Amino acid sequence: MNKDITFKIVVDTAMLILFVFLFSPKGTGLLWHEILGMILFVLFALHNISNYRWYGALFKGKYNITRLAWSFLNAALFAAFVALIFSGVIISRRLFSSLELGGGFTAHKIHVFTANWCLVLAAIHFGLHIDRIKTVLGKFSRFWGIALRIVFFALAVYGLVVCFERDIWSKLFLQATFPGKRGGASLLMIADNYFAVFCLFALLGSMLKSVLARECKNV
């Protein structure tokens with residue numbers, strides 16, 4: 001594994017860990033929530049810089065249905081993340097409170113909305129690159145490879161349950177901003193819940209990849 005791939009894996013893993021913990025501002029405390037959010041922004045910038053070749057190839061070559069889907073997904077994820085950061089700065093009560101931007105309920109609602117969409121889109125993005133994960137799993141013994149797949153699938157099923165318990169569907173359509181039935185859960189429990197949601201949409205992303213591959217073959 002070369003240094004570039006190792007760097008990307010470290011950055012992406014750190015982003016995912018930070019992101020799922022950021023879904024519990026009460027658990028981290030507002031100050032640390034904002035500090036970790038800024039660290040996440042730096043990691044997001046590094047992720048994009050490390051993938052500069054993708055941006056350079058945007059206007060080159062032909063677009064089939066798979067490339068169109070991937071490009072739309074990446075653009076949507078980028079837009080959602082930028083909106084997440086800006087709304088976070090607007091509603092900041094610690095790091096950027098001196099700016100007096102006066103973020104109210106609407107800004108908070110947008111922050112929750114974009115946070116949930118970032119999780120969903122990032123998970124689908126991950127699922128579309130599932131072949132790389134399969135390559136890594138191929139280096140394990142057959143037993144561990146199968147075991148990890150079972151754990152991933154089990155987490156995805158659990159993620160579906162969490163989507164209903166935490167009203168994820170409502171938050172994705174600006175219909176709710178409250179924490180749901182498990183609002184009083186611990187920091188680790190909330191992180192675990194949102195990681196399971198990530199696994200659910202990553203699974204859907206891998207299924208979408210298979211569908212797109214079949215469509216391309218039929219064209």
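The following paragraphs describe the nonpolar core, the aromatic contacts and selected polar and cysteine residues of a predicted model.

The largest nonpolar core comprises 39 residues, and Phe19, Phe23, Leu40, Leu119, Tyr194 and Phe201 are those with the most contacts inside it. At least two residues of this core are supplied by each of helix H1 (3-21), helix H3 (30-50), H5, H6, helix H8 (142-165), H9 and H10. The greatest contribution comes from H10, which gives 9 residues. For Phe201, when residues up to four places away in sequence are not counted, the residues touched are Val120, Ala123, Ile124, Cys163 and Trp169. Phe19, Phe23 and Tyr194, which are named among the residues with the most contacts inside the core, also form one aromatic cluster.

Across the whole structure, 9 aromatic pairs are found. In the pair formed by Trp117 and Phe173, the ring centres lie 6.4 Å apart and the planes meet at 85°, and the pair is therefore edge-to-face, a class that requires an angle over 60 degrees. Because Trp117 belongs to helix H6 (residues 105-128) while Phe173 lies in the loop between helix H9 (168-172) and helix H10 (187-218), this pair ties together parts that are 56 residues apart in sequence. The two partners fall into separate accessibility classes: Trp117 counts as partly exposed, at 26% relative accessibility, whereas Phe173, with a relative accessible area of 56%, is exposed. A further arrangement involving an aromatic ring is found at Tyr63, over whose ring the charged end of Arg67 sits, 3.9 Å from the ring centre.

Among the polar residues, Asn74 is located in helix H5 (residues 65-90). With a relative accessible area of 17%, Asn74 falls under the 20% limit and is therefore buried. Once its neighbours within four places in sequence are left aside, Asn74 is in contact with Trp54 and His125.

As regards the cysteines, a search of the whole structure finds 0 disulfides, that is, no pair of cysteine sulfur atoms lies within 2.5 Å. Cys118 has a relative accessibility of 2% and therefore counts as buried, and Cys199, also at 2% relative accessibility, counts as buried as well. A further cysteine, Cys163, appears among the residues touched by Phe201.

How values were computed
Residues numbered from 1 in each chain as written. Predicted model: local features only at pLDDT ≥ 70, side-chain atom pairs only at ≥ 80, totals over all residues. Heavy atoms only, no water. Buried < 20%, exposed > 50% of the residue type's maximum accessible area, 1.4 Å probe, protein only. Phe/Tyr/Trp six-rings, centres within 6.5 Å; stacked < 30°, edge-to-face > 60°. Helix = DSSP H or I, 4+ residues; strand = E, 2+ residues; numbered from the N terminus. Lys NZ or Arg CZ within 6 Å of the ring centre and 35° of its normal. Contact = heavy atoms within 4.5 Å. Core = buried A, V, L, I, M, F, W, Y, C linked by side-chain atoms within 4.5 Å.
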